[in-house]
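Me: Here is a structure that is new to me. Please take me through its salt bridges.

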Amino acid sequence: MSSVSSSVRRIAATVLAAGAVVGAAALPAAAQDHGQRQHPRVEISRVQADSPGRDDRSNRSLNNEWVEITNTTRDAVNLRGWTLRDSDGNRYRYRFDNVRINGRATIRIHTGTGHNTRTDLFQNSRDYIWGNQADTATLRDDRGRTVDTESWGRRHR
């Protein structure tokens, strides 16, 4: 009887050891999957930094400078307290009020003045915000975490 229970214990120990080895091998793969960068739910989808035509600071020219934000999910997202900034950070910043972006929808944030709609928002600036040659647009959530960035032109130092 002791040889049977000894055999059972050895088989059980072998099975447990094999399970531990398989589990340990799978753990780094699972951890790696969680570490992969996921596409943001809300992203900067397009930037028109250089308004077409002459930069004459007219409202029409200012409003032809814009940033598009897209919600890539099926669910609506409230952007209340989110910010959109250029590389100067504090110099030019747009803070979203109670703006809701529907699922799979895009909104455009214009530099100049106008009346906000579901698809178009206005920063009410009298100056161009986005650098024609180079800049970075940064979208941050209401906790200050970077959600997405879009850069163009030469690298910033």
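Me: Is Asp-141 buried or exposed?
Reply: The cut-offs are under 20% relative accessible area for buried, over 50% for exposed, and partly exposed in between (1.4 Å probe, protein chains only). Asp-141 has 9% relative accessibility. Therefore Asp-141 counts as buried.

Me: Which residues are joined into one network by salt bridges that share partners?
Reply: A salt bridge is a side-chain nitrogen of Lys or Arg within 4 Å of a carboxyl oxygen of Asp or Glu. Bridges with shared partners make one network. Its members are Arg-46, Glu-68 and Arg-108.

Me: What kind of model is this, and how are residues numbered?
Reply: It is a predicted model: local features need pLDDT of at least 70, side-chain atom pairs count only at pLDDT 80 or more, and totals for chains, interfaces and linings use all residues. Side-chain values use heavy atoms, without hydrogens and water, and residues are numbered along each chain as its sequence is written, from 1.

Me: Which residue meets Asp-141 in a salt bridge?
Reply: The N to O distance is 2.9 Å. The partner is partly exposed, with a relative accessible area of 47%. That partner is Arg-145.

Me: How many residues apart in sequence are the parts that Arg-46 and Glu-68 tie together?
Reply: These two form a salt bridge, with the closest N and O atoms 4.0 Å apart. Helices (H or I, at least four residues) and strands (E, at least two) are DSSP runs, numbered from the N terminus. Arg-46 lies in strand 1 (residues 42–48) and Glu-68 in strand 2 (residues 66–71). So the parts are 22 residues apart.
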